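Trainee: I should like to learn how to read a structure feature by feature. May we begin with how residues are classed, and then go through the model itself?

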Amino acid sequence: MLPRRRIAAFAALACSVGLVAPAGASAACAGADAQPGQTARTELARTTVCLLNQERGRRGLSRLSLDRRLSSAARAHTRDMVRRRYFAHVSRSGGDVVDRLNRVGYMRGARRWLVGENLAWGGGSRSTPRQIMRTWMHSPGHRRNILDSRFRELGIGVLAGAPVEAGAVSATYTTTFGARG
């Protein structure tokens, strides 16, 4: 059963833009330039969360806390996109972020909720957490999700591999944002 109001924000982007950050950016987030194969996916995920919260902190926004249900849905969607070779918020079987979050019980018991999702993948040097964050922050929809003060929680899924033939070491990222009331 879905809540009375179905509110979701989506943004998707394949990382293909090379942007330069100012010197010293993301100094507190170890592993920001690590590529898949150089470090474990859990470290890539941890660094991405650090970078997300760093961007929020620069603007006086509260940190997002990790939620296991949001992360479970994000990891499952990332695996599905890489395995089934597509890149979209709607799965090949027709489910969207709201369906995924209902499946893991995130909205259970909530009177109201707000969710959002960012997707990205990059190959080679564009597969690092820093490059993914740069790309998201230069995309209005992704940036809006990251900096939405209503979001309180975050889930993340990172997997080595791309949803398309990439020809380089690649990584696919899903971040799922949420707030429940």
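Mentor: Let us begin with a definition. Ala, Val, Leu, Ile, Met, Phe, Trp, Tyr, Cys and Pro count as nonpolar; Asp, Glu, Lys and Arg count as charged; the others, Gly among them, count as polar. Please also keep in mind that this model is predicted.

Trainee: Where are those classes of use here, and what is the make-up of the lining of the largest cavity by class?

Mentor: The general idea is that rolling a probe the size of a water molecule over the atoms shows where empty space is left. In this structure the count comes to 1 cavity of 30 Å³ or more, and the largest cavity has a volume of about 40 Å³. Its lining consists of Arg-41, Arg-75, Thr-78, Arg-79, Gly-157, Val-158 and Leu-159. H2 and S4 are the elements that give two or more residues to this lining. By class, the lining has 2 nonpolar, 2 polar and 3 charged residues.

Trainee: You mention H2 and S4. How many helices and strands does the protein chain have?

Mentor: The secondary structure comes to 5 helices and 5 strands. Read from the N terminus on, their order is β-α-β-α-α-β-α-α-β-β. Of the 181 residues of the chain, 52% count as buried. As for contacts between residues at least 6 apart in sequence, 76% of them join residues at least 24 apart.

Trainee: How does one read a helix, and what span should helix H1 have?

Mentor: An α-helix has 3.6 residues a turn, so residues three or four places apart point the same way. Helix H1 covers residues 41-58, and at 1.5 Å a residue its 18 residues should span 26 Å. The end C-alpha atoms of H1 are 26 Å apart, which agrees. After H1 comes Gly-60, which has a positive phi, near 75°.

Trainee: Which residues of H1 are buried, and what covers them?

Mentor: The buried residues of H1 include Leu-44, Ala-45, Thr-48, Leu-51, Leu-52 and Glu-55. Their cover includes strand S2 (65-66), helix H4 (129-137), helix H5 (140-146), strand S4 (153-160) and strand S5 (170-180). Take Thr-48, which lies in helix H1. Thr-48 counts as buried because its relative accessibility is 0%. Leaving aside residues up to four places away in sequence, Thr-48 touches Pro-129, Met-133, Trp-136, Ile-156 and Tyr-173.

Trainee: May we read H2 in the same manner? Which elements do its buried residues pack against?

Mentor: H2 has 17 residues and reaches 24 Å from its first C-alpha to its last, close to the 24 Å expected at 1.5 Å a residue. Among its buried residues are Arg-69, Leu-70, Ala-73, His-77, Thr-78 and Asp-80. The buried residues of H2 pack against S2, H3, strand S3 (113-123), S4 and S5.

Trainee: Asp-80 carries a charge. How should one read the pairing of charged side chains, and how many salt bridges does the structure hold?

Mentor: Side chains of opposite charge can pair when their charged atoms come close. The structure holds 10 salt bridges. In one of them, the side chain of Asp-80 meets that of Arg-83, at 3.6 Å from N to O. These two are 3 residues apart in helix H2 (residues 68-84), so about one helical turn separates them. Arg-83 counts as exposed, at 61% relative accessibility, whereas Asp-80 counts as buried, at 11%.

Trainee: Where in the chain do Glu-165 and Arg-85 lie?

Mentor: Glu-165 and Arg-85 meet in a salt bridge of 3.4 Å, N to O. Glu-165 lies in the loop between S4 and S5, and Arg-85 in the loop between H2 and helix H3 (97-103), so the pair ties together parts that are 80 residues apart in sequence. Glu-165 is exposed, with a relative accessible area of 67%, while Arg-85 is partly exposed, at 40%.

Trainee: Is Asp-148, the partner of Arg-150, buried or exposed?

Mentor: The closest N and O atoms of the salt bridge between Arg-150 and Asp-148 are 2.8 Å apart. Asp-148 counts as buried, at 13% relative accessibility, and Arg-150 as exposed, at 52%. Elsewhere, salt bridges that share partners join Glu-55, Arg-58 and Arg-59 into one network.

Key
Residues are numbered from 1 along each chain as its sequence is written. This is a predicted model: local features need pLDDT of at least 70, side-chain atom pairs count only at pLDDT 80 or more; totals for chains, interfaces and linings use all residues. Side-chain values use heavy atoms; hydrogens and water are left out. Helices (H or I, at least four residues) and strands (E, at least two) are DSSP runs, numbered from the N terminus. The expected span of a helix is 1.5 Å times one less than its number of residues. Buried means under 20% relative accessible area, exposed over 50%, partly exposed in between (1.4 Å probe, protein chains only). Contact means heavy atoms within 4.5 Å. A salt bridge is a side-chain nitrogen of Lys or Arg within 4 Å of a carboxyl oxygen of Asp or Glu. On a 1 Å grid over the protein atoms alone, a cavity is a set of points where a 1.4 Å probe fits but cannot get out, and a pocket is an open set with protein on both sides within 12 Å along at least five of seven lines; lining residues have an atom within 4 Å of a point. Grid points are joined across faces, edges and corners, and a volume is the space filled by probe spheres set on the points.
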